[in-house]
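Thank you all for coming; I would like to walk through one structure with you this morning, going sheet by sheet and then turning to what is packed between them. Please have the sequence and the picture open while I talk.

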Amino acid sequence: MTYASHYECTLCGRTFPFDGVMTTCPSCGETGILDIVYDYEAMKKTVTKASFRENHDFSIWRYLPVLSIAGTRHEETLHTGWTPLYETKRLAEALGLKRLFVKDEGLNPTASLKDRPSAVAVLDAIARGYDTVACSSTGNAASSLAGQAARMGLHAVIFVPKRAPVGKLNQLLAYGATVIAVDGDYKAAFALSKRAIAHYGWYDRNAAINPHLVEGKKTVSLELAEQLGWDVPDWVVVSVGDGCTVAGVYKGFYDLFRLGITPSIPRILGVQSSGCAPFVTASESGYPLVECEENTIADSIAVGIPRNPVKAQRAIAQSNGAWIAVSDEAILAMMKTLGSAEGIFGEPAGVAGLAGLKVAVAAKMIQPHERVVVLMTGNGLKDPANAGKAVGSPALLKPDLQELIDYMKRKHDKGCVR
Ligand SMILES: *Cc1c(COP(=O)(O)O)cnc(C)c1O
Ligand SMILES: [Zn+2]
């Protein structure tokens, strides 16, 4: 059972009955991405603070009544969601904030936030009778889809750009997916996947085109709001590639607001890498989005042509948020800062939000007294090569105590150890 009532085209505003099948607007074509609209008045009758208090399912499925799928077989998926929300006091102090929280999405079953939409996708595919699911991805959408598909007995066909980090490729292969590494960038992988999905009639998990995926992503906001006792923060910070995640983050807070569970919607800071920042460039210039090079170590947000621009720009505008770009050097430095200050290990795109927050605080876009939640979107173990750039290599010593003592003394003199 779902309270979804109809689809609405994000370009022309036309509405269509919610039959669960449609993907894009027939008048606007492929860029006519649909929004799923709910009957909040009906939803309000069962979805309340009390209903959550009594709910003992600590996974994304506690939010099933707020989603767009019926959820048949939902208890069989990989355990997804209810990731920890840490208050990070040392990091807050380092950044000049009073209250800072980090949500560690790297602890999802395939180690990124993408497990949320992929769990929704596999259930939707099963409900509609598909046996094969497909997507193109910078890496994490792929590995999450492959893992969730394996768990549910579906076949997955995955298109990745050849640069995809080895950790993500290994995951895909271990999960038994058919993996096509496309000799080209993410734009090329996306283009081939689109043609292949149309040709073979597979379930299309490409996040922009399939509106159910933003619904899966929104569970991260529902969850963090609930973890804060429904006392939403002033800002939520998220790294942005295609724009589906930031759209989902907004949708979750919008739902809670419409349900009367929370009194306001947090401002959203969208962070991109300066090596590939089409949204930031467009917001600074006031012109439409233009295609960018995909020139950054943060592979998960290296998206030269964002596929969900309308929903992403709306999320920032309607939340009274902001865009910011951050350098690869700052991202690498933040990997080390977050790891050493808080014990949380993120991949480059995973910590890009925090690196962007640092810039935003320094630029006084975010004030010291404001409460901030940052989504740490993906685990550092996925991308050992870039992690190595951030952290360097360990000391190599002979198995000799005196050599160790000399080494420790040198480190101590440099102020590195206590
Ligand atoms: C996919 C992803 C993002 C960005 O999500 P979009 O929907 O592409 O904007 C950020 N961080 C990580 C780790 C991701 O995998
Ligand atoms: Zn339309």
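Let me start with strand β1, residues 4–9, which is joined to β2 by three bridges, the two strands running antiparallel. I should say straight away that what you are looking at is a predicted model, so please take each statement that follows as a statement about that model. β1 and β2 make a hairpin in which five residues lie between the strands, and in the turn G13 has a positive phi of about 80°. If you want to follow the register by eye, take E8, whose bridge partner in β2 is T15, and then H6, which stands opposite P17 in β2.

On its other pairing, β1 meets β3 in the antiparallel sense, over five bridges, and here E8 stands opposite D35. Putting these together, we have an open sheet of three strands in the order β2-β1-β3, with antiparallel pairing. The edges are formed by β2, residues 15–17, and β3, residues 34–38, each of which pairs on one side only. From one strand to the next, the twist averages 35°.

Now to another part of the chain, where the pairing is parallel. Strand β6, residues 132–136, pairs with β7 in the parallel sense over five bridges, and you can find the register at V133, whose bridge partner in β7 is A156. Between these strands comes helix α5, residues 140–152, and β6, α5 and β7 together make a right-handed β-α-β unit. The arrangement continues, since β7 is also joined by five bridges to strand β8, residues 178–182, again running parallel, with T178 in β8 as the bridge partner of V157. Here too there is a right-handed β-α-β unit, made by β7, helix α6 (residues 166–174) and β8.

Why can we call β7 largely enclosed by the rest of the structure? Six of the seven residues of this strand, which spans 155–161, are buried, and therefore the strand is largely enclosed by what surrounds it.

Let me move on to the six-stranded sheet, which is open, has mixed pairing, and follows the order β4-β5-β13-β10-β11-β12. Its edge strands are β4, residues 85–87, and β12, residues 322–326, each pairing on one side only. Ignoring direction, neighbouring strands in this sheet are turned against each other by 25° on average. Within the sheet, strand β5 (residues 99–104) and strand β13 (residues 371–376) run parallel and are joined by six bridges, and D104 has M376 as its bridge partner in β13.

Two helices that pack on this sheet deserve a look. Helix α10 touches β10 (235–239), β11 (267–273) and β13, and its direction makes about 155° with that of β10. Helix α11, residues 278–285, touches β11 and β12, and its direction makes about 125° with that of β12.

That brings me to the nonpolar cores. In soluble globular proteins, nonpolar side chains tend to be buried together. In this model the largest nonpolar core has 47 residues, and those with the most contacts inside it are M43, V246 and L375. The largest share, five residues, comes from helix α10, residues 244–258. Where does this core lie with respect to domain 1 and domain 2? Domain 1 (4–50 + 113–210) and domain 2 (85–110 + 213–391) both give residues to it, so the core lies between them. Looking at L375 more closely, and leaving aside residues up to four places away in sequence, its contacts include K103, L113, V220, V249 and G350. Apart from this core lies another, of 37 residues, with A322, I324, I331 and A387 among them.

Finally, I would like to point out one residue in a loop. D299 is found in the loop between α11 and α12, the latter being residues 309–318. Is D299 buried or exposed? Its relative accessible area is 4%, and because buried means under 20%, D299 counts as buried. Again not counting residues up to four places away in sequence, D299 touches T138, R163, P165, K168, E347 and D383. I will stop there and take your questions.

Terms used. Residues are numbered from 1 along each chain as its sequence is written. Chains are lettered from A and ligands numbered from 1 in the order in which they are written. This is a predicted model: local features need pLDDT of at least 70, side-chain atom pairs count only at pLDDT 80 or more; totals for chains, interfaces and linings use all residues. Side-chain values use heavy atoms; hydrogens and water are left out. Two strands pair if DSSP finds at least two bridges between them. Helices (H or I, at least four residues) and strands (E, at least two) are DSSP runs, numbered from the N terminus. Axes are lines fitted to C-alpha atoms, for helices over the stretch in contact, and angles run from 0 to 180 degrees between N-to-C directions. Buried means under 20% relative accessible area, exposed over 50%, partly exposed in between (1.4 Å probe, protein chains only). A crossover is right-handed if, with the strands pointing away from the viewer, the path from the first strand over the helix to the second runs clockwise. A nonpolar core is a set of buried Ala, Val, Leu, Ile, Met, Phe, Trp, Tyr and Cys residues joined through side-chain atoms within 4.5 Å. Domain bounds come from an automatic or database domain assignment. Contact means heavy atoms within 4.5 Å.
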